[in-house]
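Open your viewer and keep the selection panel handy. We will walk through one model, stop by stop.

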Amino acid sequence: MPNPIIIANWKMNCTRAESLEIARAIAGYAGNHNIVVCPPFTVLFPLVQALKNLKLGGQDCSAHEKGAHTGEISASQLKDAGCSYVILGHSERRRNLNEQSELIREKATRALNSGLIPIICVGETAEEKKLGHTLEIIGEQLLSSVPAGANPGNAIIAYEPVWSIGTGVVPKDAEVAQAAEFIVRATKNIPIIYGGSVNGDNAADLLKIKNISGLLVGGASLNPKEFWKIVNSVNVTV
Ligand code: PEP
């Protein structure tokens, strides 16, 4: 794995001042690491202005190109604000906003058309895992969320078991490996990253799992010291 990608999902956290403080710390140690910060929309532009060496992503985009869609942000607006990535289909949006895979596919198509790399999230709930439906659920989500134009060069799949997000519970290596193997085959080699309770202590081991090309980090990405441990763990595997 040449240069694993480490993606920070700040969710709905941080004022402008807090964002700048965290982002400056990250930019200070980013070096040649492949880091993407996905902050709230409101701080995208201030971060672009203040920091030249950080790649940025949005946390969502609209399925529409432009027009009368109050409150929405288009893929081309994200691109215009300095983004090169966008997270789509995060389980918090699937669950809390009832986003369906077909909508996520439309958003991903807009992202691709605007030159953004969609990071399409898939993953099973605790209940689905208990019933042994993990691969079936991931398969359905991939089939309906990943647009026809997605390929290994322009998209990323984030495997994020819902039960692992923000809980401190991480799947066994073999479980991540099994899901990743399945996704690689189903998507014809679109790169896969893992997300769910990643921290400085487990990042290196997660990056060693076959077919895992990076990490999507929520809570720990708001703490620059902890995030540094995660970023630094990349060295262990290259
Ligand atoms: C996420 O929400 O994408 C995520 C991985 O969160 P956390 O790292 O906090 O589990």
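The tour begins with the ground rules, moves to the ligand and ends at some helix pairs.

This is a predicted model, in which local features need pLDDT of at least 70, side-chain atom pairs count only at pLDDT 80 or more, and totals for chains, interfaces and linings use all residues. Residues are numbered from 1 along each chain as its sequence is written, and side-chain values use heavy atoms, with hydrogens and water left out.

**Stop 1: the ligand**

Select the ligand and its shell, counting a residue if one of its heavy atoms lies within 4 Å. You should find 15 residues around the ligand, and the closest are Lys11, His90, Glu160, Gly166 and Ser197. Colour the shell by class: 3 residues are nonpolar, 9 polar and 3 charged. Here Ala, Val, Leu, Ile, Met, Phe, Trp, Tyr, Cys and Pro count as nonpolar, Asp, Glu, Lys and Arg as charged, and the others, Gly among them, as polar.

Next, show distances to oxygen atoms of the ligand. Lysine 11 places a polar side-chain atom 2.5 Å from one such oxygen, and a polar side-chain atom of histidine 90 is 2.7 Å from a ligand oxygen. Glycine 218 uses its backbone instead, with an N or O atom 2.8 Å from an oxygen of the ligand. How much of the ligand's accessible area does the protein cover? The protein covers 95% of the 290 Å² that the ligand has on its own (Shrake-Rupley method, 1.4 Å probe).

**Stop 2: helix pairs**

Now switch to cartoon view. Helices are DSSP runs (H or I, at least four residues), numbered from the N terminus; axes are lines fitted to C-alpha atoms over the stretch in contact, and angles run from 0 to 180 degrees between N-to-C directions.

Select α7 (residues 134-145) and α8 (residues 173-187), whose axes come within 10 Å and cross at roughly 30°. The two are therefore roughly parallel (angles under 35 degrees).

Finally, pick α1 (residues 16-30) and α10 (residues 224-232): their axes are 10 Å apart, at an angle of about 30°. So α1 and α10 are roughly parallel to each other.

Notes:
Polar contact = N/O pair within 3.5 Å; in protein donor to acceptor, adjacent residues only side chain to side chain. Parallel < 35°, antiparallel > 145°, perpendicular 65-115°, else oblique.
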